[in-house]
Amino acid sequence: MRAEYKVPGGKLVAVDLDVVDGRLANVAVHGDFFLEPDDALMGFNDALNGMPVDASFSEFRTAVEEAVTPGVTMMGFAPRDIVVAVRRALGKATTWDDHAFDIIHDTPQLPYMQIALDQAQTEAVDQGLRGPLLRVWEWGANAVIIGSFQSYRNEVDEEAAERHNVTVVRRISGGGAMFVEPGNTITYSLIVPGSLVDGMSFEESYEFLDRWVIDALKEIGVQARYVPLNDIASDQGKIAGAAQKRLAGGTVLHHVTMAYNIDADKMLDVLRIGREKLSDKGTKSAKKRVDPLRSQTGMSRESIIEAFKDHFRSRYRTQDAHVSEWELTRAKQLVEEKFSTREWLTRVP
């Protein structure tokens with residue numbers, strides 16, 4: 001078995017290995033990295049030989065780290081990167097190239113349905129009913145989407161929400177509240193198998209899954225960067241926020257909302273958030289609009305979305321697709337039984 005891993009900003013790490021009686025054998029780590037002294041390479045091989053194929057990522061990592069004895073210098077790679085290559089060789093970790101992604105540009109849906117589709121499609125990927133996907137949302141109404149663990153009464157002014165015809169929904173992922181209006185935000189979901197982020201911490205997976213859209217932003221003239229834990233920003237301030245949910249089967253839901261041209265006065269009226277919270281997000285006081293994508297690109301929302309989809313297609317194997325009947329049926333069930341209920345909305349009062 002053989003696999004390679006290109007370290008982001010670093011070197012290529014490759015491994016050849018056999019499996020004998022459920023254990024690694026004849027392990028040979030190699031690549032274009034730098035390592036001193038030379039015989040440290042044999043130490044990595046010896047550390048991995050004999051390990052069970054079902055060892056966890058952390059168990060493999062501990063074995064390799066123990067081989068990094070005093071005086072060993074690794075340049076362009078780290079113990080974790082060797083483990084990624086090993087796990088890929090064993091078929092437990094995958095790369096973007098191992099998958100074909102569905103691209104779905106959805107028709108406008110009401111807020112309850114959008115949130116329910118997220119869960120339904122994540123379940124579909126987790127159950128093997130469809131492959132990984134990128135879904136671009138189209139909002140059918142104004143909405144505030146609060147995180148799974150946020151207090152409803154502390155985040156939302158219910159009277160203001162009613163006055164502005166804003167539907168308040170709670171999503172299955174954590175993170176903060178989002179204010180959206182049709183045509184003024186760009187929201188998408190990226191749903192991938194757990195093997196694609198094998199061994200990554202949550203912070204590492206956020207950066208990893210945001211990388212493609214940061215590059216897409218640069219193509220349209222926005223010098224964006226990842227800001228831990230879950231933001232995308234430029235020098236002018238915050239552009240987008242991401243959130244994640246991982247199912248028991250490992251499937252990862254990673255969804256992002258970007259501000260195209262938001263009515264900040266309305267947002268501040270509906271959301272109980274103060275100026276201090278906004279101070280690190282490019283909005284130090286209430287303004288008529290929050291429009292990082294519109295002002296920094298001069299492009300229409302539709303053109304930006306098409307540029308994002310084109311960039312994604314240029315990087316990965318893709319095919320255009322639609323929401324399946326199973327997903328629609330499951331989403332409608334989730335709306336009725338979960339997302340539209342007061343019990344779910346106020347699960348954290």
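Guide: A polar contact is a pair of N or O atoms within 3.5 Å; within protein, one must be able to donate a hydrogen and the other to accept it, and residues adjacent in sequence count only if both atoms are side-chain atoms. In this predicted model, local features need pLDDT of at least 70, side-chain atom pairs count only at pLDDT 80 or more, and totals for chains, interfaces and linings use all residues. Residues are numbered from 1 along each chain as its sequence is written, and side-chain values use heavy atoms, leaving out hydrogens and water.

Visitor: How many residue pairs are in polar contact between domain 1 and domain 2?

Guide: One pair, with both residues at pLDDT 80 or more. The automatic or database assignment places domain 1 at 2-92 and domain 2 at 97-346. Their contact (heavy atoms within 4.5 Å) takes five residues from domain 1 and six from domain 2.

Visitor: How many salt bridges lie across this interface?

Guide: The rule (Lys or Arg side-chain nitrogen within 4 Å of an Asp or Glu carboxyl oxygen) finds two between domain 1 and domain 2. Asp198 and Arg87 form a salt bridge at 2.8 Å, N to O.

Visitor: Which residues have the most contacts inside the largest nonpolar core?

Guide: Such a core joins buried (under 20% relative accessible area, 1.4 Å probe, protein chains only) Ala, Val, Leu, Ile, Met, Phe, Trp, Tyr and Cys residues through side-chain atoms within 4.5 Å. Leu209, Trp212, Leu217, Met258 and Phe308 lead in this core of 38 residues. Phe308 touches residues including Ile186, Trp212 and Met258, leaving aside those up to four places away in sequence. Another core, of 31 residues, lies apart and includes Val13, Phe44, Met74 and Ala89.

Definitions and conventions. Buried means under 20% relative accessible area, exposed over 50%, partly exposed in between (1.4 Å probe, protein chains only).
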